[in-house]
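Dear colleague,

I am passing on the structure we spoke about, and would be glad if you could look through it alongside the notes below.

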Amino acid sequence: LAINFTGVNKTFVRSGGTLTNTYLEWTVKSGASLTLNSDYSVDAGNGVTVESGATLTLAARLATTKLTVSGTVTKITGGELNSASAYVFQNGALYLHAQDGGSIPSATWASGSTCEITGTVGTAPSNGVQNFYNFIWNCPAQTENLNMAWDGNTIGGDITIVSTGSGRWQMCAPLAGSSSAHSIATVTIQGSINQS
């Protein structure tokens, strides 16, 4: 059994509990937007697919075993993705982290995918040490000096810094004033660093 979401501005609201769809696969079709406002899960063997031109907004926890994205996934305050699930952001996919703090999902970031941080104010998102393709930092409300703690990871495309508000953004977090090898972080950047 599969459900295909078409059209725009569909919102699922559930008061408490988890909706478990044992034999259900969800697809958010091109041109559609779907907002989840409570706990949802898709059980083993199934998954959520967000097609190119579609948008999935997480206002609450979405627990899935597989999330394949060609479109956009937005994670807002209170939204969560199950850390045990498999996420694949395809070429052209966009993950928007529109919350302060929280965690970026562990994912496969294909060539041409983008991770954009937009909602950070005083706490950097966790789980940022990943091999991203394009990475954008755009946090005009940021008030603190923050870093992604990158070390040993690869950025396959570009890093773009649009706004850090009144704070500062750093890729790495080596120990200040230390010259030991343990305080040196290494990041491989295969594209450009753009600051606007």
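The notes below cover the aromatic residues, the nonpolar core and two backbone positions.

This is a predicted model, in which local features need pLDDT of at least 70 and side-chain atom pairs count only at pLDDT 80 or more, while totals for chains, interfaces and linings use all residues. Residues are numbered from 1 along each chain as its sequence is written, and side-chain values use heavy atoms, with hydrogens and water left out.

Counting Phe, Tyr and Trp rings (the six-membered ring for Trp) as paired if their centres lie within 6.5 Å, with planes under 30 degrees apart stacked, over 60 edge-to-face and the rest tilted, one arrives at 10 aromatic pairs. Among them, Trp137 and Trp169 are stacked, because their ring centres are 5.4 Å apart and their planes stand at 25 degrees. Both are buried (under 20% relative accessible area, with over 50% exposed and partly exposed in between, for a 1.4 Å probe and protein chains only), Trp137 at 0% and Trp169 at 10%. Both residues belong to one aromatic cluster, which also includes Phe135 and Trp150.

Phe135 and Trp150 are also among the five residues that touch the most other members of the largest nonpolar core, which has 36 residues; such a core is a set of buried Ala, Val, Leu, Ile, Met, Phe, Trp, Tyr and Cys residues joined through side-chain atoms within 4.5 Å.

Finally, phi is positive, near 60 degrees, at Asn127 and at Ala149, which are partly exposed at 32% and 38% respectively.

With best wishes
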